[in-house]
Amino acid sequence: DGSLWAGTGNEGKVLKVGKDGKLSTFFDASELEVHALAAAPNGGLYVGTSPDGKIYQVAADGTSKTFFDPEDKYIWSLAFRNGVLYAGTGEKGIIYRIPEAGKGEPWVDTDEVHVVSLTFTPSGDLLAGTDPGALVLRIGADGKPFTLLDTPLQETHAIRVGPDGAIYALTIASSAATTSSEGGSVSVEE
């Protein structure tokens with residue numbers, strides 16, 4: 001509907017900026033932080049919270065329910081495709097596959113501590129960014145991860161796929177003042 005959504009820290013709210021520019025609170029979680037948002041069917045949102053991570057499904061009218069409540073402390077990232085929600089978590093680096101409310105199962109163990117970013121390629125592979133290895137993983141329908149990028153930095157904070165299929169990854173170091181890196185690109189054939 002042209003709105004902008006923002007998750008907040010310290011208050012665990014989801015703010016909505018309407019296309020008219022007006023700011024309102026759309027959802028108020030009991031947890032302290034909202035780290036992840038994903039579009040849900042019928043104009044709603046999935047909301048990933050921390051600590052004591054939970055995923056809520058919030059309808060377009062603002063009513064909410066707990067959608068998935070894993071034992072993981074952090075819900076860092078969410079991605080939704082073809083009726084299935086995927087959640088990247090921390091402190092165990094697990095990606096959950098959640099086909100319906102309350103029915104999520106661990107899908108991929110990344111052998112990392114945190115999965116901080118998730119997105120899909122046009123062909124349907126899931127891309128995951130991790131911490132502390134700053135990996136970019138490609139995961140097919142079989143749930144087997146393949147490392148596309150392994151950097152000397154600490155975290156792959158964001159991943160986007162361009163219209164031409166190019167994958168863009170934002171990686172960061174634990175201390176930007178003491179670490180330098182040369183830019184580069186990775187090409188992946190679909």
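## Sheets, cores and ring pairs in a predicted model

Four strands, in the order E4-E5-E6-E7, make up an open sheet with antiparallel pairing. E4 and E7 stand at its edges with a single partner strand each, so one side of each is left without a neighbour in the sheet. From one strand to the next, the twist averages 30°. Within this sheet, E6 and E7 pair in the antiparallel sense over four bridges. Tyr56 has Thr66 in E7 as its bridge partner.

This is a predicted model. The protein chain averages a pLDDT of 91. A score of at least 70 is reached by 92% of the residues. Two stretches with pLDDT under 50 are taken up at the end.

A second open sheet has three strands in the order E1-E2-E3, and its pairing is antiparallel too. Which strands stand at the edges here? They are strand E1 (4-7) and E3; each has a single partner strand, so one side of each is left without a neighbour in the sheet. The twist averages 25° from one strand to the next.

Strand E2 (residues 13-17) and strand E3 (residues 23-28) pair in the antiparallel sense, with five bridges. Leu15 has Thr25 in E3 as its bridge partner. Lys16 stands opposite Ser24 in E3. The two strands form a hairpin, with five residues between E2 and E3. Gly21 sits in the turn and has a positive phi of about 90°.

Next, the aromatic rings. A search of the whole structure finds eight aromatic pairs. One of them joins Phe27 and Tyr56 in a tilted arrangement, 5.1 Å centre to centre and with 55° between the planes. Phe27 belongs to strand E3 and Tyr56 to strand E6 (residues 55-58), so the pair ties together parts that are 29 residues apart in sequence. Are Phe27 and Tyr56 buried or exposed? Both Phe27 and Tyr56 are buried. Elsewhere, ring pairs link Tyr46, Phe67 and Phe80 into a cluster.

Tyr46 and Phe67 also appear in the nonpolar interior. The largest nonpolar core has 14 residues. Those with the most contacts inside this core are Tyr46, Ile55, Phe67, Leu78, Leu85 and Ile98. Five strands give two or more residues to the core: E4 (33-39), E7 (64-68), E8 (74-81), E9 (84-90) and E10 (94-98). Which of these gives the most? E10 does, with three residues. Another core, of 13 residues, lies apart from this one and includes Val84, Val108, Phe120 and Leu135.

Leu78 shows how far one core residue reaches. Leaving aside neighbours within four places in sequence, Leu78 is in contact with residues including Ala36, Leu37 and Ala38. Tyr46, Val47, Gly48 and Ile55 are also among the contacts of Leu78. So are Leu85, Tyr86, Ala87 and Leu118.

In general, nonpolar side chains of soluble globular proteins tend to be buried together.

Finally, the stretches of low confidence. The table sets out their pLDDT and their contacts beyond four places in sequence.

| Stretch | pLDDT | Contacts beyond four places in sequence |
|---|---|---|
| Residues 177-181 | under 50 | three contacts |
| Residues 186-190 | under 50 | 10 contacts |

How many contacts beyond four places in sequence does the model have for residues 177-181? There are three. For residues 186-190, the model has 10 such contacts.

Technical notes:
Residues are numbered from 1 along each chain as its sequence is written. This is a predicted model: local features need pLDDT of at least 70, side-chain atom pairs count only at pLDDT 80 or more; totals for chains, interfaces and linings use all residues. Side-chain values use heavy atoms; hydrogens and water are left out. Two strands pair if DSSP finds at least two bridges between them. A nonpolar core is a set of buried Ala, Val, Leu, Ile, Met, Phe, Trp, Tyr and Cys residues joined through side-chain atoms within 4.5 Å. Buried means under 20% relative accessible area, exposed over 50%, partly exposed in between (1.4 Å probe, protein chains only). Contact means heavy atoms within 4.5 Å. Rings of Phe, Tyr and Trp (its six-membered ring) pair if their centres lie within 6.5 Å; planes under 30 degrees apart count as stacked, over 60 as edge-to-face and the rest as tilted. pLDDT is the predictor's confidence in each residue, from 0 to 100. Axes are lines fitted to C-alpha atoms, for helices over the stretch in contact, and angles run from 0 to 180 degrees between N-to-C directions.
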